[in-house]
Amino acid sequence: MRVLGWLGDEKLSEALAGAATQIGAELTILAPPAGGARDEQLFAFLRTHPELVLAELRRGALEELRQETRARGIGLVVACAGEEEARQAVAVGADEWLITPATAGEVAGRLWSAAARARRALAPGQAEQVAEHLRYEELLYDRFTGFPTLPVMLERGREILERRGRLTLLYIEFVRYSKLEEIYGWQKLDEVLQTTADAVREFYDERRGDDEHVLMVSHTGDDDFIFFADLPAEQVERQVNEMAAALETHVRTRVETGHGEDIAGLFEIYVGTTTLFRNPKVRPERLIYRGIREAAAAARGVESRERSRKVADLKETLREEAVYIVYHPIVVTATREVYGYEALARGRSRALRSPEVLFGVAEEANLIWELSRLCRKKAIEGLEQHLEPHHLLFLNIDPHDFRDPTFRYLDLDELGVEHPERIVLEITERTAITDYPKFQGYLREFRERGFRFAVDDAGSGYAGLGSIANLEPDFIKLDISLISGIDENFMKQNLVETMVQFANDHEIQVIAEGVEREEEYEAVKKLGVHLTQGFLFHDAQQTRREPAGAPTRLG
Amino acid sequence: MSATDSKHTILVVDDNRDNVDILRAFLESRGYVVAEAPDGKTALAQLEQVKPELVLLDVMMPGMDGWEVCRTIKNHPQFGGSTKVVMVTAKGAFEDKFEGLRSGADDYVVKPVDFKDLLEKVQRNLAARERTA
C-alpha cells in the first residue's frame, strides 16, 4: 500500500510516519507550496495512484483534491485544525478527517477506515470506469516523467496558437546516451534518464513560478524533451538562448551530483527552436507537427556546429599537446600491493575532458592516430616519475593503431621505451576486430619485442571466451559491468568464476576493473581474481594529483 | 534445515517428466513445497497462481525457451522483483552464463544436476530474497 502525505506540520508528519509503519505502507510526503498556488507536484503524484492521501486542509485546494482522488478511487483523509475545518472537510466529502494534534495510532485508524470507505464508494459499475480512466490517463501522461504526451500537447498548443497567434517550440536533444548504455548497461541509462527527467521537471516548475511564458513540456518517449513557450517575438532568441543555457547547467549539475562527472561529461544537450504563426489555411496540428520536426532539425544543426568547434578544439589540443595523464593503480588482489598503473588520458579543454568525447571527436575527425600517439608519448614520458621500477605500465591501444605505421615500427622505440617488458598494451574488446589473422600478426611483432597484452572490457558482450583466447593475452580485464554489484549477483559471480578458471588454464591473469566498494573487493578476492583496479584503491594523494573530477576511462 | 525453509515454494519447469520427478523428490525431501510446469506458458500461469519464491528453469524446452521465460518472469509487474530464477542447463558454456546475466537470471546449475550444488544455490538465493524483501 502507498500513502501520500501532503502536509507541512512536522508533528503530524511524524505521526503519519508512525502510522505508515504500523499499517505497513510505503510513505511519500510532499510539502504544500507557500501561498495559494495549485500544487502540480501533488496532482502529478496522484497520477501514480497511491491508495491513500492524508492532506492538510488548504483553502481552494480541497475540492479539486476530492475530485481527483474520487476519480481514481483513492482514499482521502483531511487533517483539520479544529471543528470548523472538520465541518468543511465533511462538506466536500472527505472519506475521513482528523483534528490535529493526532497520535500515530489515531492516524493509522483513520487511514484504515478511509481505505475501506474509498473501496465501498466505488459502485459496482464504477470500478470499470475508473480502470478505463486510468488507462486513458496513461496514454496522456508519460509514466516515466509524468509529463503530458503529444496528444495533450497538440490540444494545448492549438489553444495557444489560436489565442496568441504564435507559439515557440524548443526541442531539447540529449546526445551520447547510447554510448552510456554501451559502457554502463541499460540499468544505468534508465537511472540517468530518470535523473534527467527529474531535472527537466524541476527546471520547468521553477521557471513557471516566475515566468508566465513557459507553458508546458513533453517527453518524446526516448530521451528528448519538447517545451512549448509563449514568448514575445522580439525576445524569442535571447530568451531561448538563456533558457537553453540554464537548462543545460541544471541538468548537468543534477546528473553530476547523482552519477558523477564521468557520466555527466559523456553527454551533451542541444536545443533547437522554431516559432509558429497562426495560419487560417493550415490545420494547427499540422503546423505543430511541422514545427516539432523543424525544431528537431535545428537542434541537430546546433549539434553539427558544436562538433566542428570541437574538432577545432582537438586540433589545438594536438598542437599544444594539451592532454594530461592520470595513473590508476592496479593492485595484487591478495595483498593490495601496487602491481602497475593504467595510464588514462584527459583533454585539458573542458569540452574534451571526457575521454569518450575526446576519442569520439578524434575518430570522427580522422585524427585518432595523432591523438593516440600524443597520449602514448605523454604516458611514457611520465613513467619514471610516477612508477617504481618494478611497476608495469598499462597503455590503451585501439585496434586501429596497429595500422598506424609510426606505431608499428618507430613510435615506441623513438619514445625511448627501454624496457618493453614493463609495458602492457590493452586492446579493447569493444572495437570489432575484422581481420583476425592480420591482427594476430601485428600482435606477434610486438610480443617478439617483449611487450605484453591485455584484453580490455572482457565480458562487455562483444566477444566470447573463444575470441579472447585467439589473442593469447597475458591479462584479461573484466568489464566494469561484470564487477559492479558482484557481491549481490550470483550470475556475475558464476561468470567471473568461469573466466578465472579459463584464465588459470591458459596462464592468464585476470584483472577486475571498477571495484568501488569493500564488498565487491571481498567478492572478487574470494573468486580468485588475481589483480584488482578501481576507486577503492585510489589514495588521497593520487586523487589530489588529478584535477577535480577527472573521468575514469580509456586513454 | 530451519523451520522457515519448509514454507518455501519452488516451481520446477522442465519438459522432461523424469527430471521433474527427480527434482521434486529431492526438494520435497528437503522440506520445500514443489509445483511443476512442463513448458513456459504453464510456468507463467503457475507464477501467478502458486506465487513461488524460486523457479528452477530448464533452458532447453520446446516453444518458449528458458531464457525467454526468465525474461518474462523478471518483467512481471507484480512478481518479477521477488521471484528468484535459477537456470538449469545441459551446457556449462560461458556464453550460456552470459545469456543468463542478460536475461536477468539469479543463478545457474549445470545438468546433470549435482544435488549438493543445487541445494546450496537454492538456499543462497532464498536467503538473498529474504534480505531484500
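A residue is buried if 20 or more other C-beta atoms lie within 10 Å of its own, and exposed if 12 or fewer do. The exercises below apply this criterion, among others, to a predicted model.

**Exercise 1. Determine whether strand β1 of chain B is enclosed or open to its surroundings, and identify its neighbours.**

Step 1. Strand β1 of chain B spans residues 9-13, and four of these five residues are buried. The strand is therefore largely enclosed by the rest of the structure.

Step 2. On one side, β1(B) is joined by five bridges to strand β2 (residues 33-37) of chain B, and the two run parallel. In this pairing, Val12(B) stands opposite Glu36(B).

Step 3. The connection from β1(B) to β2(B) passes through helix α1 (residues 17-29) of chain B, and this β-α-β crossover is right-handed. Helix α1(B) lies across β1, β2 and β3 of chain B and runs at about 165 degrees to β2(B).

Step 4. Strand β1(B) is also joined to strand β3 (residues 54-58) of chain B, by four bridges and again in parallel. Here Val12(B) stands opposite Leu56(B).

**Exercise 2. Establish the strand order of the sheet in chain B and name its edge strands.**

Step 1. Begin with the composition of the chain: five helices and five strands. From the N terminus on, these elements run β-α-β-α-β-α-β-α-β-α.

Step 2. Continue the pairing from β3(B), which five bridges join to strand β4 (residues 84-89) of chain B in the parallel sense. Within this pair, Asp58(B) stands opposite Val88(B).

Step 3. The complete open sheet has five strands in the order β2-β1-β3-β4-β5, with parallel pairing. Its edge strands are β2 and β5 of chain B, each of which pairs on one side only. On average, neighbouring strands are turned by 20 degrees against each other, direction ignored.

**Exercise 3. Describe the open sheet of five strands in chain A and explain why β2 and β5 each have a side without a neighbour.**

Step 1. In chain A, the strand order is β2-β1-β3-β4-β5, and the pairing is parallel.

Step 2. Strands β2 (26-30) and β5 (96-99) of chain A stand at the edges with a single partner strand each, so one side of each is left without a neighbour in the sheet. The average turn between neighbouring strands of this sheet is 20 degrees, direction ignored.

Step 3. Within the sheet, β1 (residues 2-6) and β3 (residues 52-56) of chain A pair in the parallel sense over four bridges. One residue pair in this register is Val3(A) with its bridge partner Leu52(A).

Step 4. Helix α1 (residues 10-22) of chain A lies across β1, β2, β3 and β4 (75-80) of chain A, at about 165 degrees to β2(A).

**Exercise 4. Classify the packing of helices α7 and α12 of chain A and list the residues that form the contact.**

Step 1. The axes of α7 (residues 150-164) and α12 (residues 284-320) of chain A are 9 Å apart, and the helices pack at an angle of about 105 degrees.

Step 2. Angles of 65 to 115 degrees count as roughly perpendicular. Helix α7(A) is therefore roughly perpendicular to α12(A).

Step 3. From α7(A), the contact involves Leu154(A), Gly157(A), Arg158(A) and Leu161(A); from α12(A), it involves Pro284(A), Glu285(A), Leu287(A) and Ile288(A). By class, these are five nonpolar, one polar and two charged residues.

**Exercise 5. Decide whether Thr103(A) is buried or exposed, and locate this residue in the chain.**

Step 1. Thr103(A) is placed in the loop between β5 and α5 (104-121) of chain A.

Step 2. There are 12 other C-beta atoms within 10 Å of Thr103(A), so this residue is exposed.

Step 3. Thr103(A) and Lys11(A) are 92 residues apart along the chain, while their C-alpha atoms are separated by 9.1 Å.

**Exercise 6. Characterise the side of chain B that touches chain A.**

Step 1. The contact comprises 12 residues of chain B and eight residues of chain A.

Step 2. On the chain B side, the elements that give two or more residues are α4 (94-102), β5 (107-110) and α5 (115-132). The largest share, six residues, comes from α4(B).

Step 3. By class, this side of chain B has five nonpolar, two polar and five charged residues.

Note on methods
Residues numbered from 1 in each chain as written. Chains lettered and ligands numbered in written order. Predicted model: local features only at pLDDT ≥ 70, side-chain atom pairs only at ≥ 80, totals over all residues. Pairing = 2+ DSSP bridges. Axes fitted to C-alpha atoms, helices over the stretch in contact; angles between N-to-C directions. Contact = placed C-beta atoms within 7 Å. Parallel < 35°, antiparallel > 145°, perpendicular 65-115°, else oblique. Nonpolar A, V, L, I, M, F, W, Y, C, P; charged D, E, K, R; others polar. Right-handed = clockwise from strand over helix to strand, strands pointing away.
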